[in-house]
Amino acid sequence: MSFAHSLIYRYNRPREVRNMSLSSLCPKFEKGMKMISQRWNGFIIHQLLNGPQRFCHIESSLPISGRLLSERLKELEHEGIIHRHVYPETPVRIEYSLTEKGQALESVLKGMEKWSQEWIDPDGANERENH
């Protein structure tokens, strides 16, 4: 059931049932939105949709500092979105990949990408007014 459908469904039920749903749905949705919208997280996840990658490859693919990328990767790992795999080699090789939870974001990010291509003008002009 989509988010919009869940809202419609919730508001067509008795008040006491609606209040229970609000307390369980909104915090999850809010946390999910914060996680994806935190600066660079969406881009990092999108980059890892191409498969496992080393830190240096991710860093060279995005205009982000190594320090900030390292922070974001740790946060995403803590949230269970990405997996950090350390290979016991000399020198040590580390690869990052999406977990099942991270891969589940593919449709969200691809949908956002499609929507942006159609509706967002990077220069700020509203080309599709009144649509």
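**Exercise 1. Overall make-up**

What percentage of the 131 residues in the protein do buried residues make up?

Solution. The model is a predicted one, and in it buried residues account for 24% of the 131 residues. The next step is to list the elements: the protein has 7 helices and 3 strands, and read from the N terminus they follow the order α-α-α-β-α-α-β-β-α-α. Turning to the surface, the protein exposes about 9500 Å², of which carbon and sulfur atoms supply 55%. Finally, of the contacts between residues at least 6 apart in sequence, 44% join residues that are at least 24 apart.

**Exercise 2. The sheet**

Work out the strand order of the sheet, and then explain which strands stand at its edges.

Solution. Begin with the pairings, taken one at a time. Strand β1 pairs with strand β3 (residues 93-98) in the antiparallel sense over 2 bridges, and β2 pairs with β3, also in the antiparallel sense, over 6 bridges. Put together, these pairings belong to an open sheet of 3 strands with the order β1-β3-β2. In that sheet β1 (53-54) and β2 (82-87) each have a single partner strand and stand at the edges, so one side of each is left without a neighbour in the sheet. As for the connection, β2 and β3 form a hairpin, with 5 residues between them.

The register can then be followed residue by residue. Y96 in β3 is the bridge partner of Q53, and Y96 also stands opposite R84. Further along the hairpin, the bridge partner of I82 is L98 in β3.

**Exercise 3. Two residues of the sheet**

Decide from their relative accessibilities whether Q53 and S97 are buried or exposed, and describe the contacts of each.

Solution. The cut-off needed here is that a residue is buried under 20% relative accessible area. Q53, which is found in strand β1, has a relative accessibility of 7% and therefore counts as buried. Leaving aside residues up to four places away in sequence, Q53 touches Q47, L48, I58, I94, E95 and Y96. Its side chain also has a polar atom that lies 2.7 Å from the backbone oxygen of Q47.

S97 lies in strand β3, and its relative accessibility is 19%, so S97 counts as buried under the cut-off just quoted. With residues up to four places away again left out, S97 touches P52, I81, I82 and H83.

**Exercise 4. Helix α3 and N41**

How many of the 8 residues of α3 are buried, and which residues does N41 touch?

Solution. First take the helix as a whole: α3 is mostly covered, since 6 of its 8 residues are buried. These are N41, G42, I44, I45, Q47 and L48; Q47 is also the residue whose backbone oxygen lies 2.7 Å from a polar side-chain atom of Q53.

Next take N41, which has its place in helix α3 (residues 41-48) and is buried, with a relative accessible area of 2%. Apart from residues up to four places away in sequence, N41 touches M35, I36, R72 and L76. For M35, a polar atom of the N41 side chain lies 2.9 Å from the M35 backbone oxygen. A last step concerns chain distance: N41 and L73 are 32 residues apart along the chain, yet their C-alpha atoms are separated by 8.3 Å.

**Exercise 5. A nonpolar surface patch**

Identify the residues that form the nonpolar patch on the surface, and classify I120 by its accessibility.

Solution. The patch is formed by M112, W115, W119 and I120, which together have about 400 Å² of accessible area. I120 has its place in the segment after α7 (106-119). With the class of partly exposed residues lying between under 20% and over 50%, the 44% relative accessibility of I120 places this residue among the partly exposed ones.

Methods:
Residues are numbered from 1 along each chain as its sequence is written. This is a predicted model: local features need pLDDT of at least 70, side-chain atom pairs count only at pLDDT 80 or more; totals for chains, interfaces and linings use all residues. Side-chain values use heavy atoms; hydrogens and water are left out. Helices (H or I, at least four residues) and strands (E, at least two) are DSSP runs, numbered from the N terminus. Buried means under 20% relative accessible area, exposed over 50%, partly exposed in between (1.4 Å probe, protein chains only). Contact means heavy atoms within 4.5 Å. A polar contact is a pair of N or O atoms within 3.5 Å; within protein, one must be able to donate a hydrogen and the other to accept it, and residues adjacent in sequence count only if both atoms are side-chain atoms. Patches are made of residues with over 30% relative accessible area and no salt bridge: like charges are joined within 9 Å, nonpolar side chains (Val, Leu, Ile, Met, Phe, Trp, Tyr) within 5 Å. Accessible areas come from the Shrake-Rupley method with a 1.4 Å probe; for residues, only the protein chains shown count as cover. A salt bridge is a side-chain nitrogen of Lys or Arg within 4 Å of a carboxyl oxygen of Asp or Glu. Two strands pair if DSSP finds at least two bridges between them.
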